[in-house]
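Here is a short report on charge, exposure and local geometry in one protein model. Look at the structure first, then read on.

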Amino acid sequence: MTESVEPSAGDDLWARKHARFMEIALKEAEAALSEGEIPVGAVIVAGDEIVAKAHNQKELLRDPSAHAEMLAITQAAAALDRWRLTDTTLYITLEPCAMCAGAIVQARIPLVVFGAFDDKAGAAGSLMNLLADIRLNHQPEVVSGFMAEESKQLMLAFFKKMREKTLRRGG
């Protein structure tokens with residue numbers, strides 16, 4: 001059964017590697033925020049090479065499946081010319097939802113590193129844990145809460161912006 005993995009205090013190399021790619025995911029989330037999208041960013045890495053990066057584009061594409069993870073998984077499969085992403089790591093600023101967790105399992109991504117927990121839709125520990133469900137054919141290793149504060153601040157900025165927009169409209 002897959003469980004959340006935390007680095008040891010002395011594992012500086014581990015933290016630097018993951019921080020480098022999570023910073024890029026955070027930049028993707030910032031791009032989503034600037035476009036009026038929920039600020040979620042995703043990066044997929046094979047070895048030390050970025051093969052995909054994306055941010056939420058549900059509003060832009062008018063597509064309910066245009067989550068950062070879904071777009072990044074599609075990009076990575078195209079870049080690597082295969083659907084099994086068995087040698088990759090997925091970095092996400094927010095805990096994946098059920099749809100994205102399902103895609104992660106289907107793509108056989110072995111390692112998922114995410115930032116903030118999602119108490120309303122999280123499917124990697126908050127509401128449910130599809131990524132650890134032994135009834136499924138694949139259970140990735142999960143590192144949860146990595147650089148969570150940075151991810152959380154972007155989400156707070158988004159919802160503050162939405163509240164201000166609603167108040168300006170008189171609502």
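R135 counts as exposed, because its relative accessibility is 72%. The model shown is a predicted one. R135 is a good place to start, since its partner is set quite differently.

## An exposed arginine and a buried aspartate

The side chain of R135 joins that of D133 in a salt bridge, with 2.6 Å from N to O. Side chains of opposite charge can pair when their charged atoms come close. The D133 and R135 side chains also make a polar contact, listed at 2.6 Å.

Is D133 buried or exposed? D133 is buried, because its relative accessible area is 14% and the cut-off for buried is under 20%. R135, at 72%, is exposed, because exposed means over 50%. This salt bridge therefore links a buried residue, D133, to an exposed one, R135.

Where does D133 sit? D133 belongs to the loop between strand 4 (111–116) and strand 5 (141–143).

## Salt bridges

How many salt bridges does a search of the whole structure find? The search finds five. Among them are the three in this table.

| Acidic residue | Basic residue | N to O distance |
|---|---|---|
| D12 | R16 | 2.4 Å |
| E59 | R62 | 3.8 Å |
| D133 | R135 | 2.6 Å |

Take D12 and R16. Both are in helix 1, four residues apart, so about one helical turn separates them. Their side chains meet in a salt bridge at 2.4 Å. D12 is partly exposed, because its relative accessible area is 45%.

Now take E59 and R62. Their side chains meet in a salt bridge at 3.8 Å. The cut-off for a salt bridge is 4 Å. E59 counts as partly exposed, because its relative accessibility is 48%. R62 is exposed, because its value is 67%.

## The loop between helix 2 and helix 3

R62 lies in the loop between helix 2 (58–61) and helix 3 (68–80). What is the phi of R62? Phi is positive there, about 55°, although R62 is not a glycine. R62 counts as exposed, because its relative accessibility is 67%.

H67 lies in the loop between helix 2 and helix 3 too. H67 is buried, because its relative accessible area is 15%. The H67 side chain reaches the backbone oxygen of P64 at 3.4 Å. The loop thus holds an exposed residue, R62, and a buried one, H67.

## Past helix 3

D81 is in the loop between helix 3 and strand 3 (88–94). Phi of D81 is positive, near 60°, and D81 is a residue other than glycine. D81 is exposed, because its relative accessible area is 70%.

## Charged patches on the surface

Which residues gather in a patch of negative charge on the surface? They are E23, E30, E149 and E150. Two elements give two or more residues to this negative patch: helix 1 (12–34) and helix 5 (148–168).

E150 has its place in helix 5. E150 counts as partly exposed, because its relative accessibility is 38%. That value fits the patch, because patch residues need over 30% relative accessible area.

There is a positive surface patch as well. K161, K165, R168 and R169 form this patch. R168 is in helix 5. R168 is exposed, because its relative accessible area is 66%.

Helix 5 thus holds E150 of the negative patch and R168 of the positive patch.

## A buried leucine in helix 5

L154 lies in helix 5 as well. Is L154 buried or exposed? L154 is buried, because its relative accessible area is 12%.

How far apart are the C-alpha atoms of L154 and A32? They are separated by 9.9 Å, while the two residues are 122 residues apart along the chain.

## Recap

Helix 5 carries the partly exposed E150, the buried L154 and the exposed R168. The loop between helix 2 and helix 3 includes R62, with its positive phi of about 55°, and H67, whose side chain reaches the backbone oxygen of P64. D133, in the loop between strand 4 and strand 5, is buried and meets R135 in a salt bridge.

Terms used:
Residues are numbered from 1 along each chain as its sequence is written. This is a predicted model: local features need pLDDT of at least 70, side-chain atom pairs count only at pLDDT 80 or more; totals for chains, interfaces and linings use all residues. Side-chain values use heavy atoms; hydrogens and water are left out. Patches are made of residues with over 30% relative accessible area and no salt bridge: like charges are joined within 9 Å, nonpolar side chains (Val, Leu, Ile, Met, Phe, Trp, Tyr) within 5 Å. Accessible areas come from the Shrake-Rupley method with a 1.4 Å probe; for residues, only the protein chains shown count as cover. Lys and Arg count as positive and Asp and Glu as negative; His and the chain ends are not counted. The place of a charge is taken as NZ of Lys, CZ of Arg, CG of Asp or CD of Glu. Buried means under 20% relative accessible area, exposed over 50%, partly exposed in between (1.4 Å probe, protein chains only). A polar contact is a pair of N or O atoms within 3.5 Å; within protein, one must be able to donate a hydrogen and the other to accept it, and residues adjacent in sequence count only if both atoms are side-chain atoms.
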